[in-house]
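Welcome, and grab a coffee. Please look through the sequence and the structure below before you try the exercises.

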Amino acid sequence: MTGETGRENLARFPRGAVISPVTQQSTACARILPNGPQRGDNRFAAREEHVTPDDLAHLQRCVELAKEAAERGDHPFGSVLVSNDGRVLAERSNRVVTSGDVTAHPELHLAQWASVHLTAGERADATMYTSGEHCAMCAAAHVWAGIGRLVYVLSAEQIRAVSSAPLMIELTATEVIERSNANVSVSGPSEELSAEAADLFQ
Ligand SMILES: [Zn+2]
């Protein structure tokens, strides 16, 4: 970090460039994984949807949980699992520092919770909302749990711009989902909340 705020770092991304992450990241995928799936291969394509007004309340709760994590000394990430009729099933914030478990990411916890407590059909109909696009570990857990939808505030690229934490695996959640045989729709980033979420990385 060079003293810039997260919001200023985020401003480097043109507004028009943050609204279609799947398209952008498919390009990145082709660069990082030259033998990976090609665009137009429907077997691998993540279903692309956009963040809707109904999603925003759940995303706002994710940002609140991320703030709670930051205030506790943990990394600023929070996630919520929601059923297809809009009920909040479970929520979690990052606990990497305070638990001493380097894998204590909220998305991994919720994928494990869903696997134990929900039927396969309920998981397919559920949505995981999160303040930041999953890391590769959590994206793999999301795929294994068969959760049908992922909606995030900050994209992996945006997180990289504002976080000083080392990138452990050079794969975004969208890329992991595209390389899986799971049918997961991906929405994000959220222009309404991305600056607020980015500010938590200071
Ligand atoms: Zn993770």
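Here are four short exercises, each with a worked solution.

This is a predicted model: local features need pLDDT of at least 70, side-chain atom pairs count only at pLDDT 80 or more, and totals for chains, interfaces and linings use all residues. Residues are numbered from 1 along each chain as its sequence is written.

**Exercise 1.** Find how many helices and strands the protein has.

*Solution.* Start with the terms: helices (H or I, at least four residues) and strands (E, at least two) are DSSP runs, numbered from the N terminus. With these terms, the protein has 10 helices and six strands. Next, take burial: a residue counts as buried if 20 or more other C-beta atoms lie within 10 Å of its own, as exposed if 12 or fewer do, and as partly exposed in between, with C-beta atoms placed from the backbone. Of the 202 residues in the protein, 46% are buried.

**Exercise 2.** Work out how strand 2 and strand 3 are joined and in which sense they pair.

*Solution.* Strands pair if DSSP finds at least two bridges between them. Strand 2 (residues 78-82) and strand 3 (residues 88-93) have five bridges and run in the antiparallel sense. For one bridge, go to serine 79, whose partner in strand 3 is arginine 92. Then follow the chain: the two strands form a hairpin with five residues between them, and glycine 86 in the turn has a positive phi of about 90°.

**Exercise 3.** Check the span of helix 3, then find where its buried residues lie.

*Solution.* The expected span is 1.5 Å times one less than the number of residues. Helix 3 (residues 53-72) has 20 residues and so should span 28 Å; the end C-alpha atoms are 30 Å apart, which agrees. Now list the buried residues of helix 3: Asp55, His58, Leu59, Cys62, Val63, Leu65, Ala66 and Ala69. They cover an arc of only 160° around the axis (taken from the directions from the helix axis to the C-beta atoms), which puts them on the same side of helix 3. Pro53 and Glu71 are exposed on the other side. Finally, glycine 73 follows helix 3 and has a positive phi, near 100°.

**Exercise 4.** Decide which residues of helix 7 are buried, then locate the cis peptide bond before proline 189.

*Solution.* Helix 7 (residues 136-145) is mostly covered, with seven of its 10 residues buried. These are Cys138, Ala139, Ala140, Ala141, His142, Val143 and Ala145. Just after helix 7, glycine 146 has a positive phi of about 70°. For the second part, go to the loop between strand 6 and helix 10, where proline 189 sits. The bond from glycine 188 to proline 189 is cis, with omega near -5°.
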